[in-house]
Amino acid sequence: MAEKILMNEYKALSKETWTNISLVNENIFEWNAALIVLNPDSAYYGGYFQAKLTFPRNYPFEPPDFRFTRPLWHPNVYPDGRLCISILHQPGEDMMSGELAGERWSPVQRVESVLISVLSLLDDAEVSSPANVDAGVMLRKDPEAYKEKVKLDREASKQDIPADFEMPTHESAFKKEEKVDTFSWSDSEAEDDFGGSDSDEDMFDNDNDENTDGEEGEAEEDED
(Lines give C-alpha, C1' and ligand atoms only; values in the text may rest on other atoms or scores of the structure.)
Protein backbone atom coordinates (compact mmCIF):
# COMPACT_ATOMS: atom_id res chain seq x y z
CA MET A 1 0.00 0.00 0.00
CA ALA A 2 2.83 2.41 0.85
CA GLU A 3 4.34 2.08 -2.63
CA LYS A 4 1.06 2.95 -4.34
CA ILE A 5 0.39 5.95 -2.09
CA LEU A 6 3.91 7.29 -2.54
CA MET A 7 3.80 6.85 -6.31
CA ASN A 8 0.55 8.81 -6.53
CA GLU A 9 2.00 11.57 -4.37
CA TYR A 10 5.19 11.60 -6.39
CA LYS A 11 3.30 12.04 -9.67
CA ALA A 12 1.21 14.88 -8.22
CA LEU A 13 4.18 16.75 -6.75
CA SER A 14 6.16 16.38 -9.98
CA LYS A 15 3.76 18.93 -11.51
CA GLU A 16 4.38 21.60 -8.86
CA THR A 17 6.65 24.57 -9.53
CA TRP A 18 7.77 25.13 -5.91
CA THR A 19 9.57 21.81 -5.60
CA ASN A 20 11.79 19.62 -7.76
CA ILE A 21 11.70 15.96 -6.80
CA SER A 22 13.43 12.81 -7.99
CA LEU A 23 13.88 9.27 -6.74
CA VAL A 24 17.16 8.08 -5.25
CA ASN A 25 18.30 5.03 -7.22
CA GLU A 26 14.73 4.55 -8.48
CA ASN A 27 13.64 3.76 -4.91
CA ILE A 28 10.14 5.07 -4.17
CA PHE A 29 11.02 5.14 -0.45
CA GLU A 30 13.87 7.64 -0.96
CA TRP A 31 13.37 11.03 -2.58
CA ASN A 32 15.46 14.05 -3.35
CA ALA A 33 13.25 17.10 -2.86
CA ALA A 34 14.33 20.67 -3.45
CA LEU A 35 12.30 23.47 -1.90
CA ILE A 36 11.97 26.61 -4.03
CA VAL A 37 10.69 29.74 -2.33
CA LEU A 38 8.45 31.73 -4.68
CA ASN A 39 7.63 34.57 -2.31
CA PRO A 40 9.74 37.55 -3.49
CA ASP A 41 9.54 39.10 -0.01
CA SER A 42 11.24 36.09 1.59
CA ALA A 43 14.91 36.14 2.60
CA TYR A 44 15.10 32.69 1.00
CA TYR A 45 13.70 33.74 -2.37
CA GLY A 46 15.80 32.43 -5.24
CA GLY A 47 17.34 29.58 -3.25
CA TYR A 48 17.29 25.88 -4.13
CA PHE A 49 17.18 24.05 -0.81
CA GLN A 50 17.93 20.42 -1.46
CA ALA A 51 16.70 17.81 1.03
CA LYS A 52 16.37 14.05 1.29
CA LEU A 53 13.17 12.27 2.32
CA THR A 54 13.25 8.69 3.58
CA PHE A 55 9.93 6.93 4.06
CA PRO A 56 9.13 4.06 6.43
CA ARG A 57 7.68 0.86 4.98
CA ASN A 58 4.43 1.45 6.86
CA TYR A 59 3.92 4.96 5.46
CA PRO A 60 1.61 6.86 5.97
CA PHE A 61 1.20 5.52 9.51
CA GLU A 62 4.62 6.91 10.45
CA PRO A 63 6.24 10.13 9.22
CA PRO A 64 9.12 10.34 6.76
CA ASP A 65 12.61 11.42 7.79
CA PHE A 66 13.49 14.83 6.35
CA ARG A 67 16.89 16.47 6.32
CA PHE A 68 18.57 19.19 4.31
CA THR A 69 21.63 17.95 2.45
CA ARG A 70 23.43 21.29 2.78
CA PRO A 71 23.92 23.12 6.12
CA LEU A 72 21.24 25.72 6.74
CA TRP A 73 21.51 28.43 9.41
CA HIS A 74 18.08 28.34 11.02
CA PRO A 75 16.78 28.05 14.61
CA ASN A 76 14.80 24.91 13.79
CA VAL A 77 17.43 23.05 11.76
CA TYR A 78 19.99 20.81 13.46
CA PRO A 79 23.63 20.88 12.25
CA ASP A 80 23.06 17.56 10.42
CA GLY A 81 20.16 19.04 8.44
CA ARG A 82 17.30 17.45 10.39
CA LEU A 83 14.36 19.61 11.37
CA CYS A 84 12.65 20.24 14.66
CA ILE A 85 9.07 20.51 13.41
CA SER A 86 5.91 19.03 14.89
CA ILE A 87 4.52 17.52 11.69
CA LEU A 88 7.51 15.13 11.49
CA HIS A 89 7.08 13.86 15.05
CA GLN A 90 5.48 10.49 15.73
CA PRO A 91 1.66 10.41 15.96
CA GLY A 92 -0.12 11.10 19.25
CA GLU A 93 0.20 13.66 22.01
CA ASP A 94 3.52 14.32 23.72
CA MET A 95 3.12 15.32 27.37
CA MET A 96 6.78 16.33 27.62
CA SER A 97 6.73 18.83 24.74
CA GLY A 98 3.10 19.79 25.10
CA GLU A 99 2.43 19.03 21.42
CA LEU A 100 -1.12 18.02 20.63
CA ALA A 101 -1.93 15.09 18.37
CA GLY A 102 -3.33 17.48 15.76
CA GLU A 103 0.04 19.22 15.50
CA ARG A 104 2.03 16.03 14.94
CA TRP A 105 2.11 13.48 12.16
CA SER A 106 -1.04 11.52 11.38
CA PRO A 107 -1.94 9.09 8.55
CA VAL A 108 -3.96 11.81 6.82
CA GLN A 109 -0.81 13.90 6.31
CA ARG A 110 1.06 13.72 3.04
CA VAL A 111 4.45 14.69 1.61
CA GLU A 112 2.96 17.92 0.31
CA SER A 113 1.92 18.82 3.86
CA VAL A 114 5.48 18.30 5.07
CA LEU A 115 7.10 20.34 2.32
CA ILE A 116 4.66 23.23 2.69
CA SER A 117 5.20 23.21 6.46
CA VAL A 118 8.96 23.39 5.96
CA LEU A 119 8.59 26.28 3.51
CA SER A 120 6.48 28.14 6.06
CA LEU A 121 9.00 27.41 8.80
CA LEU A 122 11.87 28.99 6.89
CA ASP A 123 10.50 32.52 7.29
CA ASP A 124 8.51 31.85 10.46
CA ALA A 125 11.04 30.26 12.81
CA GLU A 126 10.04 28.93 16.20
CA VAL A 127 12.67 30.33 18.58
CA SER A 128 11.16 29.25 21.90
CA SER A 129 12.79 25.80 21.73
CA PRO A 130 15.38 26.00 18.93
CA ALA A 131 17.34 23.10 17.51
CA ASN A 132 20.15 25.57 16.77
CA VAL A 133 20.45 27.76 19.85
CA ASP A 134 23.01 30.12 18.30
CA ALA A 135 20.80 30.76 15.29
CA GLY A 136 17.84 31.41 17.58
CA VAL A 137 19.80 33.92 19.66
CA MET A 138 21.09 35.70 16.55
CA LEU A 139 17.58 35.96 15.07
CA ARG A 140 16.28 37.57 18.26
CA LYS A 141 19.20 39.88 19.05
CA ASP A 142 20.71 40.72 15.67
CA PRO A 143 18.21 40.07 12.86
CA GLU A 144 20.36 41.89 10.28
CA ALA A 145 23.30 39.59 10.92
CA TYR A 146 20.89 36.66 10.73
CA LYS A 147 19.71 37.82 7.29
CA GLU A 148 23.31 37.93 6.11
CA LYS A 149 23.79 34.30 7.17
CA VAL A 150 20.62 33.36 5.36
CA LYS A 151 21.88 35.15 2.25
CA LEU A 152 25.08 33.10 2.30
CA ASP A 153 23.10 29.86 2.60
CA ARG A 154 20.76 30.95 -0.17
CA GLU A 155 23.60 31.65 -2.59
CA ALA A 156 25.37 28.42 -1.67
CA SER A 157 22.19 26.45 -2.32
CA LYS A 158 22.23 27.48 -5.96
CA GLN A 159 25.18 25.17 -6.50
CA ASP A 160 22.71 22.27 -6.27
CA ILE A 161 20.50 23.46 -9.15
CA PRO A 162 20.66 20.81 -11.90
CA ALA A 163 22.11 22.01 -15.18
CA ASP A 164 18.94 21.13 -17.10
CA PHE A 165 16.56 22.68 -14.56
CA GLU A 166 15.05 26.12 -15.16
CA MET A 167 14.50 27.87 -11.86
CA PRO A 168 10.98 29.29 -11.55
CA THR A 169 10.41 32.84 -10.39
CA HIS A 170 7.43 34.48 -8.79
CA GLU A 171 6.47 35.91 -12.17
CA SER A 172 6.86 32.71 -14.18
CA ALA A 173 5.16 30.51 -11.60
CA PHE A 174 2.06 32.64 -11.26
CA LYS A 175 1.82 34.07 -14.78
CA LYS A 176 -1.63 33.57 -16.24
CA GLU A 177 -1.97 32.69 -19.87
CA GLU A 178 -3.65 35.46 -21.82
CA LYS A 179 -6.89 34.43 -23.43
CA VAL A 180 -6.57 34.71 -27.20
CA ASP A 181 -9.72 35.35 -29.24
CA THR A 182 -9.44 33.03 -32.21
CA PHE A 183 -12.88 33.86 -33.64
CA SER A 184 -12.90 34.58 -37.35
CA TRP A 185 -15.78 35.58 -39.60
CA SER A 186 -14.53 32.99 -42.03
CA ASP A 187 -15.48 30.35 -39.46
CA SER A 188 -19.09 31.57 -39.37
CA GLU A 189 -21.90 31.35 -41.88
CA ALA A 190 -22.00 35.12 -42.29
CA GLU A 191 -21.26 36.64 -45.63
CA ASP A 192 -18.76 39.47 -46.09
CA ASP A 193 -21.70 41.87 -46.59
CA PHE A 194 -23.43 40.41 -43.51
CA GLY A 195 -26.12 38.99 -45.79
CA GLY A 196 -28.19 35.94 -44.93
CA SER A 197 -27.18 32.40 -45.65
CA ASP A 198 -28.54 30.27 -48.45
CA SER A 199 -30.80 28.52 -46.01
CA ASP A 200 -32.25 31.87 -44.96
CA GLU A 201 -32.89 32.81 -48.57
CA ASP A 202 -34.66 29.50 -49.17
CA MET A 203 -36.83 30.11 -46.16
CA PHE A 204 -37.85 33.55 -47.39
CA ASP A 205 -38.44 32.18 -50.91
CA ASN A 206 -40.82 29.59 -49.49
CA ASP A 207 -42.67 32.27 -47.55
CA ASN A 208 -43.00 34.38 -50.70
CA ASP A 209 -44.33 31.41 -52.68
CA GLU A 210 -46.92 30.72 -50.02
CA ASN A 211 -47.98 34.36 -49.97
CA THR A 212 -48.22 34.44 -53.79
CA ASP A 213 -50.34 31.32 -53.84
CA GLY A 214 -52.59 32.85 -51.26
CA GLU A 215 -53.00 36.07 -53.19
CA GLU A 216 -53.80 34.19 -56.40
CA GLY A 217 -56.44 32.17 -54.59
CA GLU A 218 -58.07 35.32 -53.23
CA ALA A 219 -58.05 36.87 -56.72
CA GLU A 220 -59.84 33.84 -58.18
CA GLU A 221 -62.51 34.05 -55.48
CA ASP A 222 -63.08 37.73 -56.28
CA GLU A 223 -63.58 36.91 -59.94
CA ASP A 224 -66.19 34.35 -59.01
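Where in the chain is the place of Asn 25? Asn 25 sits in the loop between strand 1 and strand 2, and that loop is a useful way into the fold. The model is a predicted one, in which local features need pLDDT of at least 70, side-chain atom pairs count only at pLDDT 80 or more, and totals for chains, interfaces and linings use all residues. Residues are numbered from 1 along each chain as its sequence is written, and side-chain values use heavy atoms, with hydrogens and water left out.

The secondary structure comes to six helices and four strands. Helices (H or I, at least four residues) and strands (E, at least two) are DSSP runs, numbered from the N terminus. Read from the N terminus on, the elements follow the order α-β-β-β-β-α-α-α-α-α. The chain has 224 residues, of which 31% count as buried; buried means under 20% relative accessible area, exposed over 50%, and partly exposed in between, with a 1.4 Å probe and protein chains only. Among contacts (heavy atoms within 4.5 Å) between residues at least 6 apart in sequence, 56% join residues at least 24 apart.

The sheet comes next. Its four strands form an open sheet in the order 1-2-3-4, with antiparallel pairing. Strand 1 (19-24) and strand 4 stand at the edges with a single partner strand each, so one side of each is left without a neighbour in the sheet. From one strand to the next, the twist averages 25 degrees. Strands of a sheet pair through backbone hydrogen bonds, either parallel or antiparallel. Here two strands are said to pair if DSSP finds at least two bridges between them. Strand 1 and strand 2 (residues 27-36) run antiparallel and are joined by six bridges. Asn 20 has Ala 34 in strand 2 as its bridge partner, and Ile 21 stands opposite Ala 33 in strand 2.

These two strands form a hairpin with two residues between them. Asn 25, in the turn, has a positive phi of about 55 degrees, and it is a residue other than glycine. At 73% relative accessibility, Asn 25 counts as exposed. Glu 26 lies in the loop between strand 1 and strand 2 as well. Its phi is near 60 degrees, again a positive value in a residue other than glycine. With a relative accessible area of 70%, Glu 26 is exposed.

Another backbone feature is found in the loop between strand 3 (48-54) and strand 4, where Pro 60 lies. The peptide bond joining Tyr 59 and Pro 60 is cis, with omega about 10 degrees.

The helices can be placed against this sheet and against one another. Helix 1 (residues 2-13) lies across strand 1 and strand 2, and runs at about 25 degrees to strand 2. Axes are lines fitted to C-alpha atoms, for helices over the stretch in contact, and angles run from 0 to 180 degrees between N-to-C directions. The axes of helix 1 and helix 2 come within 10 Å and cross at roughly 50 degrees. The two helices are therefore oblique to each other; angles under 35 degrees count as roughly parallel, over 145 as roughly antiparallel, 65 to 115 as roughly perpendicular and the rest as oblique. Leu 6, Glu 9 and Leu 13 of helix 1 meet Val 111, Glu 112 and Leu 115 of helix 2. By class, this contact has four nonpolar, no polar and two charged residues. Ala, Val, Leu, Ile, Met, Phe, Trp, Tyr, Cys and Pro count as nonpolar, Asp, Glu, Lys and Arg as charged, and the others, Gly among them, as polar.

Helix 3 (residues 133-141) and helix 4 (residues 143-157) pack at an angle of about 125 degrees, their axes 6 Å apart. Helix 3 and helix 4 are therefore oblique to each other. On the helix 3 side Ala 135, Met 138, Leu 139, Arg 140 and Lys 141 take part, and they meet Pro 143, Ala 145, Tyr 146 and Lys 149 in helix 4. The classes in this contact are six nonpolar, no polar and three charged residues.

The last site is Cys 84, where UniProt, in an unreviewed entry, places the feature "active site". UniProt positions are given in the numbering used here, feature names are shortened, and annotations may be inferred rather than shown by experiment. Cys 84 is found in the loop between strand 4 (65-68) and helix 2 (111-123). It is partly exposed, with a relative accessible area of 23%. Leaving aside neighbours within four places in sequence, Cys 84 is in contact with Asn 76, Tyr 78, Leu 121, Ser 129 and Ala 131. The C-alpha atoms of Cys 84 and Phe 66, 18 residues apart along the chain, are separated by 10.0 Å.
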